[in-house]
Amino acid sequence: MNYDMEDTQNSAPGSLPANQASKLAPRRAPDAQSTTKRLQTELMQLMNSPTPGISAFPSADGNILTWAATIEGPEETPYEGLTLKLSFAFPSNYPYAPPTVLFQTPIYHPNVDFSGRICLDILKDKWTAAYNIQTVLLSLQSLLGEPNNASPLNGEAAELWDKDMEEFKKKVTARHQDIDDE
């Protein structure tokens, strides 16, 4: 009697025996596990050694590839006293590719458009795997006080920053809205 054949009597019609199905199952991306491990390590670093003025955690939906973050506006800037919320979406090949970072809180800034998209070189062509969530948040916090007006997404904001800081501050206050956590 041939016992090599798997019992398929209780299998769904059209399904393959387990020993054949496992050969055809889609494989996870080779770096998906390392991406998860890297993000878990970064979360532990953020929790064990918090940096004043910044925080980030995975989103409540349990997806480790989407995070919510906050930045406190730096002192002596138009953003002082404001809390700004951001979203991070990590690609499956993180940290070898940068996350997509967006301001969720409406913000008036030379390097941020009205959709929350950010013009920052380390989130584009200057990204390296040495960067992490903390360095991105610290860079964004620094950008709040030192915009790159040579490469603005919001030309009006860049011009006001250079020419009329009082009017700029009024626009920051008018645009800023606290948003609830989702």
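This passage describes the fold, the sheet, the helix contacts and the confidence of a predicted model.

The protein chain holds five helices and four strands. From the N terminus on, the order of elements is α-α-β-β-β-β-α-α-α. Of the 182 residues in the protein chain, 36% are buried. Contacts between residues at least 6 apart in sequence were also examined by separation. Among these, 55% join residues at least 24 apart.

Confidence varies along the model. The average pLDDT of the protein chain is 87, and 81% of the residues score at least 70. Strand β4 (residues 100-103) has the highest confidence, at 98. Helix α1 (residues 18-24) has the lowest, with a mean of 49. Two stretches fall under a pLDDT of 50. One covers residues 1-13, where the model has four contacts beyond four places in sequence. The other spans residues 21-30, with three contacts in the model beyond near neighbours in sequence. Where pLDDT is low, predicted coordinates should not be read in detail.

The four strands form an open sheet in the order β1-β2-β3-β4. Pairing in this sheet is antiparallel. Strands β1 (54-58) and β4 lie at the edges, and each pairs on one side only. Neighbouring strands are turned against each other by 20° on average, direction ignored. In general, strands of a sheet pair through backbone hydrogen bonds, in a parallel or an antiparallel sense.

Strand β3 (residues 83-89) has bridges to both β2 and β4. Seven bridges link β3 to strand β2 (residues 66-72), and the two strands are antiparallel. Within this pair, I71 has L84 in β3 as its bridge partner. Four bridges join β3 to β4, again in the antiparallel sense. Here F88 stands opposite V101 in β4.

The two faces of β4 differ in cover. V101 and F103 belong to the covered face. T100 and L102 belong to the uncovered face. In a regular strand, side chains alternate between the two faces of the sheet. V101 thus appears twice in this account: on the covered face of β4, and opposite F88.

The loop between β3 and β4 contains N93. The relative accessible area of N93 is 31%, so this residue is partly exposed. N93 and A32 are 61 residues apart along the chain, yet their C-alpha atoms are separated by 6.9 Å. Residue 32 is also where helix α2 (residues 32-48) begins. This helix lies across β1 and β2. Its direction is at about 140° to β1.

Toward the C terminus, the chain order closes with three helices. The axes of helix α4 (residues 155-163) and helix α5 (residues 165-175) come within 6 Å. They cross at roughly 135°. Helix α4 is therefore oblique to α5. From α4, the contact involves E156, A157, L160, W161 and K163. These residues meet M165, E167, F168 and K171 in α5. By class, the contact has five nonpolar and four charged residues. No polar residues take part.

Note on methods: Residues are numbered from 1 along each chain as its sequence is written. This is a predicted model: local features need pLDDT of at least 70, side-chain atom pairs count only at pLDDT 80 or more; totals for chains, interfaces and linings use all residues. Side-chain values use heavy atoms; hydrogens and water are left out. Axes are lines fitted to C-alpha atoms, for helices over the stretch in contact, and angles run from 0 to 180 degrees between N-to-C directions. Angles under 35 degrees count as roughly parallel, over 145 as roughly antiparallel, 65 to 115 as roughly perpendicular and the rest as oblique. Contact means heavy atoms within 4.5 Å. Ala, Val, Leu, Ile, Met, Phe, Trp, Tyr, Cys and Pro count as nonpolar, Asp, Glu, Lys and Arg as charged, and the others, Gly among them, as polar. pLDDT is the predictor's confidence in each residue, from 0 to 100. Buried means under 20% relative accessible area, exposed over 50%, partly exposed in between (1.4 Å probe, protein chains only). Two strands pair if DSSP finds at least two bridges between them.
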